[in-house]
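Hi everyone, thanks for coming. I'd like to walk you through a structure that's probably new to most of you, so let's get it up on the screen.

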Amino acid sequence: MQPQQASPPGYLGQFRILFSKEIAVEFRSRETAVPMAVFAVAALIAFQFSFDLRGGTLNLVAPGVLWVAIIFASLLALGRSFAREVERGSLDGLLASPIDPGALYLAKVAANVLMLLVLEIVIVPLTAVLFNLQLFQPALLLTLVMGNIGIAAVGTILASIAARARAREALLPIMLLPLLVPVIISAVRATGLAIDERPFSEIQPWLGVLGAYDLAFVTLSALIFYVTVER
Amino acid sequence: MTAEQSGSSSQAIVRCAGLEKSYGQRPAIRNLNLTINVGERIALFGDNGAGKSTLLQLISGLLRPSRGGIRVFGGQPWGREGAHARAQIGTLSHQSHLYEELSARENLTLYGKLYGVTEPQVRADTLISEFGLSGRRVDPVRTLSRGMTQRVSLMRALIHHPTLLLLDEPETGLDATSRQMLAEHITEQGAGVTVVLATHNVEMGVSLTTRDIVLRGGEIIHDSATISDLAMDTAQRRQLVAAHLGGSVS
């Protein structure tokens with residue numbers, strides 16, 4: 001007699017299982033984290049040696065340098081997050097299972113946010129040393145987290161679209177970077193104000209823009225994600 | 001009696017009506033009408049590009065039809081609404097659907113959890129033992145041979161005790177012992193389990209099933225259910241399938 005089937009987990013259960021899987025796969029392969037870190041560190045060092053930065057100039061340039069390194073390094077993580085699933089057919093395995101595609105999207109977003117945070121644990125202290133800046137502030141930490149969510153929210157859904165395309169490596173940055181303009185502007189401005197140790201009330205509007213962007217893209221993308229992965 | 005008519009009972013778990021699927025301008029499935037009943041064992045034959053894999057992917061919910069309808073367990077199999085149907089389907093395709101970095105045990109436990117299997121690790125260990133891979137259960141899948149990987153893929157398809165098993169050329173990469181193991185697992189499935197087996201191996205397909213369907217150009221050109229009033233032995237079935245395939249029996 002065929003054993004009785006158990007019921008599949010709910011949305012949160014699916015998210016938890018898929019997020020754990022993302023972390024386990026990345027931890028084993030280190031396919032993304034290492035190239036990201038190498039790229040970001042190299043970019044920071046290149047910037048540091050390219051400009052003769054002193055005093056006030058440092059505060060003006062450092063936020064842009066930091067976010068350029070983060071955003072370009074994130075392209076590596078975002079590009080791989082779906083490409084390797086498509087190459088190996090594991091995405092079809094997940095989509096053939098009784099999961100809600102939205103849970104898969106959120107698990108990927110969470111994993112990408114975590115990857116960016118790990119990257120920042122390396123490059124923020126390095127930026128502080130190279131540019132002789134005080135970067136360990138709560139407002140900056142908040143900006144980094146919110147910026148990461150924005151990058152991952154848009155980047156993950158666009159990566160799912162690009163993953164089945166032939167020129168996916170070129171397609172992802174072309175689609176992603178214009179959409180990230182609000183994140184780049186807000187994050188750079190908030191970071192600059194945090195470095196200048198301005199009051200939180202001055203930083204808050206930029207964090208508000210980031211928060212609204214994050215909420216809009218995470219919600220919308222989770223709802224329409226199934227359209228981007230279905231064939 | 002037509003294939004559609006043959007499966008018009010309330011036991012039907014798959015119903016395709018005027019089903020069509022195209023990739024760009026190229027049709028892969030054309031105006032396909034098919035009913036599959038509970039407990040049927042179906043062999044799906046056809047040359048490369050005949051539409052076997054596409055049909056299995058449509059049933060499993062991986063593809064959305066371009067036109068026509070498909071109902072699996074009473075509902076559409078794709079998207080959010082298809083979760084109920086997909087929970088009852090086990091699929092084995094050309095790709096392993098496995099994570100190479102993870103071990104066989106981890107892969108099976110992952111899918112077991114997603115399908116809501118009670119004690120997924122215990123179920124994974126049981127399957128690994130049955131398929132003779134206990135010695136390699138914690139090795140990453142990338143270190144396994146092609147045949148071993150195919151065995152893990154089959155375990156993945158069976159992890160949640162599916163009631164509809166879709167097997168796309170499951171014999172690929174398997175040695176004689178593993179093929180025997182595969183055959184035993186297919187025949188051991190309970191009466192409530194429906195099996196659809198796409199294969200180029202007519203001998204194997206006919207011996208493991210009770211109904212033959214031959215596809216050509218995305219259309220059904222032979223369905224043994226339409227001549228079910230004639231009692232045929234496996235040799236006659238083989239000849240009939242081979243005749244429709246236009247070649248010798250493999």
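**Helix H5 and its surroundings**

Okay, let's start with a crossing: where H5(A) and H9(A) cross, the crossing is right-handed. Keep in mind throughout that we're looking at a predicted model.

To place those two, H5 covers residues 101-130 of chain A and H9 covers residues 200-229 of chain A. Their axes come within 7 Å, with a crossing angle of roughly 135°. That angle makes H5(A) oblique to H9(A).

So who's touching whom? On the H5(A) side we have Pro101(A), Gly102(A), Leu104(A), Tyr105(A) and Leu106(A). They meet a set in H9(A) that includes Phe217(A), Val218(A), Phe225(A) and Tyr226(A). Sorted by type, the residues of this H5(A)–H9(A) contact come out as nine nonpolar, two polar and no charged.

Now swing over to another partner of H5(A), helix H6, residues 138-162 of chain A. Here the axes come within 8 Å, and the crossing is again at roughly 135°. H5(A) and H6(A) are therefore oblique to each other, and their crossing is right-handed.

For this contact H5(A) brings in residues including Tyr105(A), Lys108(A), Leu116(A) and Glu120(A). Across from them in H6(A) sit, among others, Leu144(A), Asn148(A), Ile151(A) and Ile157(A). The split for H5(A) with H6(A) is 13 nonpolar, three polar and two charged.

Hold on to Lys108(A) for a second. Which residue forms a salt bridge with Lys108(A)? That's Glu22(A), with the closest N and O atoms 2.8 Å apart. Glu22(A) belongs to helix H1, residues 11-29 of chain A, while Lys108(A) is in H5, so the pair links distant parts of the chain, 86 residues apart. Over all chains, the structure holds 23 salt bridges.

Let's zoom out to where the two chains meet. Chain B puts 38 residues into the contact and chain A puts in 35. Between them they bury about 3200 Å², and 54% of that is on carbon and sulfur atoms. Looking at chain B's share against chain A, Arg80(B), Glu101(B) and Leu114(B) supply 23% of the buried area, more than any other three residues.

And how many salt bridges are there across this interface of chain B and chain A? Four. A nice pair to look at is Glu230(A) with Arg64(B), a salt bridge whose closest N and O atoms are 2.7 Å apart.

That's my tour, thanks for listening!

Technical notes. Residues numbered from 1 in each chain as written. Chains lettered and ligands numbered in written order. Predicted model: local features only at pLDDT ≥ 70, side-chain atom pairs only at ≥ 80, totals over all residues. Heavy atoms only, no water. Axes fitted to C-alpha atoms, helices over the stretch in contact; angles between N-to-C directions. Helix = DSSP H or I, 4+ residues; strand = E, 2+ residues; numbered from the N terminus. Parallel < 35°, antiparallel > 145°, perpendicular 65-115°, else oblique. Left-handed = near helix turned anticlockwise from the far one by under 90°. Contact = heavy atoms within 4.5 Å. Nonpolar A, V, L, I, M, F, W, Y, C, P; charged D, E, K, R; others polar. Buried area = accessible area lost by both parts, 1.4 Å probe. Salt bridge = Lys/Arg side-chain N within 4 Å of Asp/Glu carboxyl O.
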